[in-house]
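The following exercises concern helix geometry, aromatic pairing and nonpolar packing. Each task is followed by a solution in steps.

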Amino acid sequence: MSGLATTPTRSQSADAITVILFGAAAVIVTAISTVLRVLSTFRDQGIAWSIPIDEQPIDATVDSGAVSVQGIAQHAMVFATGVDAASTAAIIGSLALWAIAPLIVIVGIMVVAGNFLRGRFFVRSNARAFDTIGWTLVLAPMLIVMLENVGLNGVSAAVGLKGGGPVHPIEFWSIVPIFATGVAVGLIAAAFRQGIRLQKTNTALEDDTRGLV
């Protein structure tokens with residue numbers, strides 16, 4: 001693979017370094033947001049979860065009571081105790097995926113940027129990284145939606161509401177852009193694998209030609 005390396009331009013190196021730095025910052029932000037998400041979900045009062053409610057007018061304050069607003073409430077935050085084990089596991093799984101999926105994407109991008117920085121463009125590790133990013137973007141949102149629905153059903157039952165149903169189709173429509181992005185990244189991975197094959201073919205032809213001279 002060392003023979004496939006080329007010297008990156010100054011612009012390419014600068015872009016790769018920028019991506020790596022932003023990736024490192026994104027890892028820190030993801031870790032912090034994960035901790036905050038867990039702490040805001042599992043509280044002393046129980047599992048905090050937003051459930052849909054009948055539309056009703058509300059009067060509320062914002063900015064620590066500095067401003068009063070009026071509106072219509074469509075969801076309410078409830079605190080549920082005694083949530084069944086399966087629903088609790090689903091909630092934990094969704095929180096874990098919210099942390100793991102971004103980290104997989106970030107690390108994959110950093111791997112590609114690191115290879116670009118070393119002048120390694122059409123190499124297997126880049127294709128594998130794009131494959132991993134693509135599958136993560138395709139599968140993780142669907143799994144999160146399904147796990148959160150199981151968690152919602154469990155929380156609803158724990159607070160005395162009737163058992164919920166399957167995931168509403170509109171929930172899947174909301175993740176279509178992410179799904180489409182994952183498919184596009186998968187196509188990029190396929191393009192990289194084709195580039196690797198063409199590069200190997202060109203290298204073999206050059207070696208054969210050099211042997212005839």
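**Exercise 1. Determine whether the span of helix α2 agrees with its number of residues.**

Solution. The model is predicted. Helix α2 covers residues 85-117 and holds 33 residues. The expected span is 1.5 Å times one less than the number of residues, so α2 should span 48 Å. The C-alpha atoms at its ends are 47 Å apart, which agrees with that value.

**Exercise 2. Describe what is found at the N-terminal end of α2 and just after the helix.**

Solution. At the N-terminal end, D84 acts as the cap: one of its side-chain oxygens lies 3.2 Å from the backbone nitrogen of A86. Just after the helix, G119 adopts a positive phi of about 80 degrees.

**Exercise 3. Classify the ring pair F116 and F121 as stacked, tilted or edge-to-face.**

Solution. The structure contains 3 aromatic pairs. For F116 and F121, the ring centres are 4.9 Å apart, and a pair requires centres within 6.5 Å. The planes meet at 45 degrees, so the pair is tilted; stacked would require under 30 degrees and edge-to-face over 60. F116 has a relative accessible area of 26% and is therefore partly exposed, since buried means under 20%.

**Exercise 4. Analyse the pair F130 and F192: its geometry, its place in the chain and its burial.**

Solution. The centres of F130 and F192 are separated by 5.0 Å, with 45 degrees between the planes, and this pair is tilted. F130 belongs to helix α3 (residues 124-158) and F192 to helix α5 (residues 176-212); the two residues are 62 residues apart, and the pair links distant parts of the chain. F130 has 15% relative accessibility and therefore counts as buried. F192, at 12%, is buried as well. Ring pairs also join F122 with F130 and F192 in a cluster.

**Exercise 5. Identify which elements build the largest nonpolar core.**

Solution. This core has 11 residues, among them V105, F130, L137, V185 and F192. Helices α2, α3 and α5 each give two or more residues to it, and α3 gives the most, with 5 residues. Beyond four places away in sequence, L137 touches V105, I178, F179, T181, G182 and V185. A second, separate core of 9 residues includes I47, W49, V83 and V155.

**Exercise 6. Locate R37 relative to the ring of W98.**

Solution. R37 lies over the face of W98, at 4.5 Å from the ring centre.

Key. Residues numbered from 1 in each chain as written. Predicted model: local features only at pLDDT ≥ 70, side-chain atom pairs only at ≥ 80, totals over all residues. Heavy atoms only, no water. Phe/Tyr/Trp six-rings, centres within 6.5 Å; stacked < 30°, edge-to-face > 60°. Buried < 20%, exposed > 50% of the residue type's maximum accessible area, 1.4 Å probe, protein only. Helix = DSSP H or I, 4+ residues; strand = E, 2+ residues; numbered from the N terminus. Lys NZ or Arg CZ within 6 Å of the ring centre and 35° of its normal. Core = buried A, V, L, I, M, F, W, Y, C linked by side-chain atoms within 4.5 Å. Contact = heavy atoms within 4.5 Å. Polar contact = N/O pair within 3.5 Å; in protein donor to acceptor, adjacent residues only side chain to side chain.
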